[in-house]
Amino acid sequence: MIHNHLAAAAQGKSTDWRISLAVAAVPALAAIMAAIISAHSARSAKKSEIAAQHLRDLEARISEKKYEVYKPMINLLKDILDQHSMPEDEFKSRISEFSAWVTIFGSDGAVRAFHHFMQSAYAGNTPPIILMKLYAEFVLSARRDLGYPDTTIDARHFLGMRISDLYTDESFSKVDLPLADLCSEVSWTPPWEQAPAP
């Protein structure tokens, strides 16, 4: 009988020891798991940081390339507005080169704005106010493309840097109208909206 009590006591102590060990092991296991999760999170964060840096580097290279693409065209248009004479073959060559690169590096908005501007210039009968508006829209599209996607300036802000009587000449008063409304005002239909001849 005493032997049974001693055995039970010994067994009870043994069980208490295992419980104590198990209770002590829980924080240690939690710490090990936290360390593993933390190491995994650190590796994931590092990978994300590297990926983000890679993306920033790509965006910087593309932005630099866009600048190289747009600069000659913006300068060409500036020269035309400043009435600098230029041989026609040089003009055509610069337009052609820009056209090739803007379709690769330009945003949809910039490509569309350049298309509209060039088609209006080719038309020959385009009212000057339309050409000025389309020129401004192209430059503003380039501005958005080069890093100012949320720009709020409009054609009047841009043209005001080049035209001294923008606010006193009646012909410029409607330059900020939507293109469709401005075309209606001057009774002109854009080439891209005309039906092809049968």
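**Close-up views of a predicted all-helix chain**

**View 1. Lysine 92 and glutamate 88 stand 4 residues apart in helix 2, a separation of about one helical turn**. In this predicted model, the two residues form a salt bridge in which the closest N and O atoms are 3.1 Å apart. Glutamate 88 is exposed, its relative accessible area being 53%.

**View 2. A salt bridge in helix 4 joins the side chains of glutamate 137 and lysine 133, with an N to O distance of 3.3 Å**. Here too the partners lie 4 residues apart, or about one helical turn. Glutamate 137 is partly exposed at 28% relative accessibility, whereas lysine 133 is buried at 5%.

**View 3. Aspartate 176 and arginine 156 pair in a salt bridge whose closest N and O atoms are 3.3 Å apart**. Because aspartate 176 belongs to the loop between helix 5 and helix 6 while arginine 156 belongs to helix 5, the pair ties together parts that are 20 residues apart in sequence. Aspartate 176 is partly exposed, with a relative accessible area of 30%, and arginine 156 counts as buried at 17%.

**View 4. The largest nonpolar core comprises 34 residues, and those with the most contacts inside it are Met73, Phe98, Phe114, Ile130, Phe138 and Leu159**. Each of the helices from helix 1 (2-81) to helix 6 (179-185) supplies at least two residues of this core, and helix 4 gives the most, with 10 residues.

**View 5. Isoleucine 130 is in contact with Leu179, Leu182, Cys183, Val186 and Trp188, when its neighbours within four places in sequence are left aside**. Isoleucine 130 is also among the residues with the most contacts inside the largest nonpolar core.

Definitions and conventions
Residues numbered from 1 in each chain as written. Predicted model: local features only at pLDDT ≥ 70, side-chain atom pairs only at ≥ 80, totals over all residues. Heavy atoms only, no water. Core = buried A, V, L, I, M, F, W, Y, C linked by side-chain atoms within 4.5 Å. Buried < 20%, exposed > 50% of the residue type's maximum accessible area, 1.4 Å probe, protein only. Contact = heavy atoms within 4.5 Å. Salt bridge = Lys/Arg side-chain N within 4 Å of Asp/Glu carboxyl O.
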